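Trainee: Please pick one part of this model and take me through it closely, then show me how its surroundings fit around it.

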Amino acid sequence: MQTAEQFLSGQVLLIDKPLNWTSFQVVNKLRWEIRQAFNVKKIKVGHAGTLDPLATGLLVICTGKMTKQLDTFQGQIKEYTGTLVLGSTTPSFDLETEINNTYPTKHISEALLKATSKQFTGEIQQFPPIFSALKKDGKRLYEFARAGETVEIASRTVTISEFEITKINDLHIDFRVVCSKGTYIRSLANDFGKALQSGAHLSALRRTKIGDFNVSNATSIDAFIKALKN
């Protein structure tokens with residue numbers, strides 16, 4: 001394990017974020033553990049791209065002077081795998097909120113699924129979820145959502161390099177997506193459901209790659225802490 005000087009001069013840590021942790025909580029936990037392990041009063045720690053609490057997978061964490069590279073890492077191509085459920089939607093586009101609408105699904109075939117997925121490759125316009133940490137007028141969008149307030153959200157251009165249906169299990173559809181910075185996979189799931197003349201929401205999401213970084217090389221929070229203490 002590295003020394004205090006190495007953490008301060010700058011390290012890139014690959015962490016496999018567990019379910020139900022926010023990215024902010026991971027950063028805070030690692031910062032606290034590094035400070036305790038080396039008895040340092042202050043150290044910069046940041047992440048290169050937020051993962052939702054209900055998502056797992058790769059978080060690129062930078063310490064010390066390497067935090068200057070966060071924007072560079074954040075701008076790189078990302079890969080995700082996940083599962084969406086056909087025939088129902090939620091306000092958050094995932095399992096953070098309860099199902100609010102149901103839709104017919106009998107017309108959806110494997111051929112239709114794969115043909116529709118092709119509509120979502122290349123540059124597309126996407127509206128971020130209202131349940132997101134993006135700011136508008138100084139407030140997080142989810143603050144408006146939780147207060148029941150309606151707010152106008154501007155669309156954004158994102159690039160989907162690959163959108164592959166990998167497994168079909170009744171209404172549960174496994175997929176793999178390669179996309180640009182700023183892409184919301186929850187929004188992709190919601191828009192995909194609409195394009196099928198039905199509905200869909202995200203039930204699982206895992207980030208597998210950021211640029212050349214792969215989650216297969218990442219460590220758990222517990223393993224990182226154990227190595228620090230040893």
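**A close look at one strand**

Mentor: Opposite Lys17, in strand 3, stands Gly57. A word on ground rules: this is a predicted model, in which local features need pLDDT of at least 70 and side-chain atom pairs count only at pLDDT 80 or more, while totals for chains, interfaces and linings use all residues. Residues are numbered from 1 along each chain as its sequence is written, and side-chain values use heavy atoms, with hydrogens and water left out.

Back to our strand, which covers residues 55-63. Helices (H or I, at least four residues) and strands (E, at least two) are DSSP runs, numbered from the N terminus. Strand 3 pairs with strand 1 in the antiparallel sense, over six bridges; pairing here requires at least two DSSP bridges between the strands. Strand 2 also runs antiparallel to strand 3, with three bridges joining them, and His47 has Ile61 in strand 3 as its bridge partner. With strand 12 (residues 200-210) the sense is parallel, again over three bridges; here Ala55 is partnered by Leu205.

How well covered is strand 3? Nine of its nine residues are buried, that is, under 20% relative accessible area, where exposed means over 50% and partly exposed lies in between (1.4 Å probe, protein chains only). Ile61 turns up again in the largest nonpolar core, which has 40 residues: Ile61, Phe163 and Phe224 are those with the most contacts inside it. Apart from that core lies another, of nine residues, including Ala48, Cys62, Leu70 and Val215. Such a core is a set of buried Ala, Val, Leu, Ile, Met, Phe, Trp, Tyr and Cys residues joined through side-chain atoms within 4.5 Å.

Now look at helix 2, whose buried residues pack against strand 3, as well as helix 1 (4-9), strand 1 (12-17), strand 2 (45-47) and helix 7 (221-229). The buried residues of helix 2 are Ser23, Val26, Val27, Leu30, Glu33 and Ile34. They cover an arc of only 135° around the axis, so they sit on the same side of helix 2; the arc is taken from the directions from the helix axis to the C-beta atoms. The pattern makes sense, because an α-helix has 3.6 residues a turn and residues three or four places apart point the same way. After helix 2 comes Asn39, with a positive phi near 55°, although Asn39 is not a glycine. Asn39 lies in the loop between helix 2 and strand 2 and is exposed, at 71% relative accessible area.

Finally, follow the chain out of strand 3 into the loop that leads to helix 3 (70-74), where you will find Lys65. Lys65 is exposed, with a relative accessible area of 58%. Setting aside residues up to four places away in sequence, Lys65 touches Leu8, Ser9 and Gly10, contact meaning heavy atoms within 4.5 Å. Lys65 and Leu8 are 57 residues apart in sequence, yet their C-alpha atoms are 6.7 Å apart in space.
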